[in-house]
Amino acid sequence: MKLKPVVAMIAMSVVASGAWADENSNFTLSGFGTAALTRSNTDDAEFARLGQLAGVKTSAKTGVDSNFGLQATYKANDWISLTAQGLVSKHITDEYGAELTWAFAKFKATDKLNIRVGRMGLPVYMISDYLNVGYSNTFLRPPVEMYSQVNLQTVDGVDAIYQTDFGDTTLTSQFALGKSESKGTANSYTAKFSQVAGINLVLENGPFTVRFGHITTKFSVEDSASLNAVLGGLEKFGFTSAANDLRLKDNKASFTSLGLGVNWKNIIVQSEYGVRKSESRSLPDTTSWYTLLGYRYGAFTPYYVHSEVKQDTPRTMAGLPTTGPLAGLTAGANNFASLTAVQSSNSIGLRWDFHKAAALKVQYDRLTPKDGAGTFVNPKPGFKGPVNVIAAGIDFVF
C-alpha cells in the first residue's frame, strides 16, 4: 500500500494554503484535493475511473480516487482577470501526472455577462465545473456509469455566461465554442474533437436547481492500431459498409442531459439523465442516469446512489460471418460495436464534515456489469460481476 502520494497531497495543501494570504492582493491561490484508498473484492478485473490505464483489485491503492489541484487567479482590473488550474491525478498512464485543465482570460462585459477565452471546463454534466473537487460533492466519486459517457472535459475556445434574475429565480446561460483533443489509455490513440458547441442552462430557486445541457461535436480517432486492423480486414474481405459504420473520422456526436438538485432543509436529492448519440457504431448510442438521496444529521450525511447505463444501438454487427476463418474478424468488429460499458450500481456512503474545509467520506459500491466487463479494466477471461468496491478518503479545499 503506497501512502506517499496521499501524504504529499496533504502536505502540498498545507504549504499552499499559507502561501498567499494577502486579501488586498490582485493574485489569489486556492486548491482542492482528495486523499483516498480504494479496493475491491476481486482479482479478476480492476475497478477504475474513465481514462485510467489500471485500477484496483483486492489490495487497497490510492490511484483511483485521489487527486490534487491548484487554481490561480490574477485580477488585472475590474473587468479582466486571468485564471489557471492544474490537476494531478492518475490518467492515461498508471503514474501520477499533471495536466493544465483551465487557462483562460475572463472579460466582464456587463454586470450580467462574462466572456472567457482560452481553455475552460466544458459543461457536459451538472457538476462539470467542480467534477474534480470532491469536497463540493456529496458522494466520494461521481457515478461511473453516467460520468464515463463523454471523454471530453475541457475545450479550447470561447464561452459566454449570462446570468439574470426573474423574481426569486436565477437563470444562468452558458454557450461554448471550440475544439479539444485527448489521448487514450497508454497513449494508444488520439481523439480529436472539432466544432465543439455546448449550451448549459441552469435555473435556481431557493433549494431547487434544474439544469439542461447539450453538447455537439465532430470527432476523429487517430493512430488506433486495433481499430485500423479491424477496418483494414473488413475492407480487404469486402465488408466495406461495416467498415464505414465503425470508422471514426469526422463523425457527428452529441450528448444531451437533464439534471435536478434539491437541497431542502436536511434533504439532499441529485439526479441526472443523459443520452449520447453518434454517427459511428464504434461510439455506441447510450442512455444513462443516476439518483442520489441523502439526509444531513448535523455534520454527518448518509447517502444512497443508484446508477445505470445501457446501450441503445446493437452490440453486434449484422451481416458478418460468425463461423469459419473470418469469425475472429467479426469478433473484433463486434468488440468495437459493444464498447459501451453496460452496467448498474448501488452505492451507500457517509460524509462527515469534521472541519470547515475538509470532509471524510466512506463509500461502498456494488457494481453489476452486463454483457461484458462493464467499467472494469484488464479483465481476466470469464470475469463477471457483481463486484464490491469500498473506498475511504478525505476531501479538502483551501
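For the classes used below, Ala, Val, Leu, Ile, Met, Phe, Trp, Tyr, Cys and Pro count as nonpolar, Asp, Glu, Lys and Arg as charged, and the others, Gly among them, as polar. Keep in mind that the model is predicted.

**Exercise 1. The cavity**

Find how many cavities of 30 Å³ or more the model has, and describe the lining of the largest cavity by class.

*Solution.* Start with the count: there is one cavity of 30 Å³ or more. Next comes volume, and the largest cavity holds about 100 Å³ of space. Its lining is made of 13 residues, and P143, V144, S347, Q363 and D365 are the closest to its centre. Now sort the lining by class: seven residues are nonpolar, three are polar and three are charged. Finally, look at the strands. β14 (343-355) and β15 (358-369) each give at least two residues to this lining, and β15 has the largest share, with three residues.

**Exercise 2. The nonpolar cores**

Work out which residues have the most contacts inside the largest nonpolar core, then list what L246 touches.

*Solution.* The largest nonpolar core contains 44 residues, and L122, L234 and L246 have the most contacts inside it. Take L246 and set aside residues up to four places away in sequence: what remains is L227, V230, L231, L234, S280, R281, S282, M317, A333, F336 and A337. A second core, separate from this one, has 10 residues, including F47, V64, L367 and F383.

**Exercise 3. The setting of A45**

Decide whether A45 is buried or exposed, and identify its contacts beyond four places in sequence.

*Solution.* First, place the residue: A45 sits in the loop between β1 (27-40) and β2 (67-75). Buried means under 20% relative accessible area. A45 is buried because its relative accessibility is 0%. Then list the contacts, leaving out neighbours within four places: V56, K57, F376, V377, N378, P379 and F383. One of these, N378, is 333 residues from A45 in sequence, yet their C-alpha atoms are 5.6 Å apart.

**Exercise 4. The whole chain**

Determine how the radius of gyration of the chain stands against the globule rule.

*Solution.* Begin with the secondary structure, which comes to four helices and 16 strands. The radius of gyration is 22 Å and the globule rule gives 21 Å for 398 residues, so the chain is as compact as a globular protein of that length. Along the principal axes, the C-alpha atoms fill a box of roughly 75 × 45 × 40 Å. Buried residues account for 46% of the chain. To finish, consider contacts between residues at least 6 apart in sequence: 62% of them join residues at least 24 apart.

How values were computed: Residues are numbered from 1 along each chain as its sequence is written. This is a predicted model: local features need pLDDT of at least 70, side-chain atom pairs count only at pLDDT 80 or more; totals for chains, interfaces and linings use all residues. Side-chain values use heavy atoms; hydrogens and water are left out. On a 1 Å grid over the protein atoms alone, a cavity is a set of points where a 1.4 Å probe fits but cannot get out, and a pocket is an open set with protein on both sides within 12 Å along at least five of seven lines; lining residues have an atom within 4 Å of a point. Grid points are joined across faces, edges and corners, and a volume is the space filled by probe spheres set on the points. A nonpolar core is a set of buried Ala, Val, Leu, Ile, Met, Phe, Trp, Tyr and Cys residues joined through side-chain atoms within 4.5 Å. Buried means under 20% relative accessible area, exposed over 50%, partly exposed in between (1.4 Å probe, protein chains only). Contact means heavy atoms within 4.5 Å. The radius of gyration is taken over C-alpha atoms; the globule rule is 2.2 Å times the number of residues to the power 0.38.
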